Amino acid sequence: MIACKTPAEIDKMRASAHVTARTLHELKHAVRPGVTTGELDARARERIRALGGEPAFLGYQGFSGSICSSVNDEVVHGIPGDRALKDGDLLKIDIGSRVDGWYSDMACSVPVGDVSDEGLTLLRVTEAALYEGIARVRPGAHVSDIGHAVQAHVEKHGFSVVRALVGHGIGASLHEDPPVPNFGQKGMGPVLRPGMALAIEPMVNAGTWRIETKPDQWTVVTADGRLSAHFEHTVVVTESGCEILTVTEEQRHELERANLHAARRGK
Ligand code: MG
């Protein structure tokens, strides 16, 4: 059963997504060599609460952080702590908040200082793959159209898509139906309807798509020790396409201006 959110519910998700996006925007600017993942986590917790939200991940199935901080070969679910970031690290920050009972979830990959060419290419390809997937979200499309587009973009560049972890529906719970894989055939799975909200989150590896979980039972790493990147947005299906919810107010205004300009040009 996939819930279609009402306009009032989507407004609440938008408020939550604004808190999440604003906080992540600030965190990205705090990333530099020497900063610990625990310091970023403390800042996230403080900022989410100052903006009127509650960290969605804190205490989730016993998780101790308000963000997941995953470095280099760590794919997702890294536990923040006293690890100091080093020049050349590729950091993934995954963050979520709850406002008035409604959730948002987003992630991005951030270069720490000077990152290898492979790392920067992986980062760019993964972010572009997220937008390729988002571009398929519209009423009548199938969930698998998203993953098909993500996988095609990633594999065209010689990288691989993680199979064992997928995106998800989101709303009054952090994880709802449907699962949103980042791979597969077109035209499969549930049909998208206006009001459905999805967290789309390609996890892309430089080498094998295979992953392992570390003994801490949380941190997921690539099986071959090579780099991984992750980007995520929470989106909602609209009457004509979709709206990316996890943007700051400034980014939303920029998007609206761009759409207005595109409409004026007859696009
Ligand atoms: Mg997610």
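Modeller: Before we start, a word on touching: two residues are in contact when they have heavy atoms within 4.5 Å. The model is predicted, with local features needing pLDDT of at least 70 and side-chain atom pairs counting only at pLDDT 80 or more, while totals for chains, interfaces and linings use all residues. Residues are numbered from 1 along each chain as its sequence is written, and side-chain values use heavy atoms, with hydrogens and water left out.

Biologist: Thanks! Which residues coordinate the magnesium ion?

Modeller: Donors are N, O and S atoms within 2.8 Å of the metal (3.2 Å for Na, K and Ca), and water is not among the atoms, so sites may look incomplete. The coordinating distances here run from 2.2 to 2.4 Å. In sequence, the donor spacing is D-x62-H-x32-E-x30-E. The donors are Asp105 (OD), His168 (NE2), Glu201 (OE) and Glu232 (OE).

Biologist: How many residues apart are aspartate 105 and histidine 168, and which strands hold them?

Modeller: Helices (H or I, at least four residues) and strands (E, at least two) are DSSP runs numbered from the N terminus. This pair links distant parts of the chain, 63 residues apart. Aspartate 105 sits in β5 (residues 102-111) and histidine 168 in β7 (residues 167-169).

Biologist: Is aspartate 105 buried or exposed?

Modeller: The classes rest on relative accessible area: buried is under 20%, exposed is over 50%, and partly exposed lies in between (1.4 Å probe, protein chains only). Histidine 168 falls in the buried class, and aspartate 105 is likewise buried.

Biologist: Stepping back to the whole protein, what is its radius of gyration?

Modeller: The radius is taken over C-alpha atoms, and the globule rule is 2.2 Å times the number of residues to the power 0.38. For 267 residues, a compact globule would come near 18 Å, and the protein agrees with that. Its C-alpha trace spans about 45 × 40 × 40 Å along the principal axes. The radius of gyration is 17 Å.

Biologist: What share of the contacts with a separation of 6 or more joins residues 24 or more positions apart?

Modeller: The chain behind those contacts forms 5 helices and 15 strands. Of its residues, 51% count as buried. The share of contacts that spans 24 or more positions is 69%.

Biologist: And the surface: how much of it belongs to carbon and sulfur atoms?

Modeller: Areas come from the Shrake-Rupley method with a 1.4 Å probe, and for residues only the protein chains shown count as cover. The accessible surface comes to about 11,700 Å². The carbon and sulfur part is 51%.

Biologist: How far apart are the centres of the positive and negative side chains?

Modeller: Lys and Arg count as positive and Asp and Glu as negative, leaving out His and the chain ends. Each charge is placed at NZ of Lys, CZ of Arg, CG of Asp or CD of Glu. With 29 positive and 35 negative side chains, the two centres are separated by 5 Å.

Biologist: Now to helix α3. Which residues does valine 125 contact, beyond its neighbours within four places in sequence?

Modeller: Valine 125 lies in helix α3 (residues 117-134). Valine 125 counts as buried because its relative accessibility is 5%. Its contacts outside that window are His153, Val154, His157 and Phe159.

Biologist: Which residues does glutamate 132 touch, not counting those up to four places away?

Modeller: Glutamate 132 also belongs to helix α3, and at 31% relative accessibility it is partly exposed. Its C-alpha lies 9.2 Å from that of glycine 147, 15 residues away in sequence. The residues it touches are Ala149 and His153.

Biologist: What is the separation between the C-alpha atoms of glycine 81 and threonine 37?

Modeller: Glycine 81 is in the loop between β3 and β4. Leaving aside neighbours within four places, glycine 81 contacts Thr36, Thr37 and Gly38. Though 44 residues apart along the chain, the C-alpha atoms of glycine 81 and threonine 37 are separated by 5.5 Å.

Biologist: Let's close with backbone geometry. What is phi of glutamine 61?

Modeller: Glutamine 61 occupies the loop between β1 (54-55) and β2 (67-71), and counts as exposed at 65% relative accessibility. Its phi is positive in a residue other than glycine, near 50 degrees.

Biologist: And which peptide bond is cis, with omega near 0 degrees?

Modeller: Look at strand β8 (residues 176-180), where proline 178 is found. The cis bond runs from aspartate 177 to proline 178.
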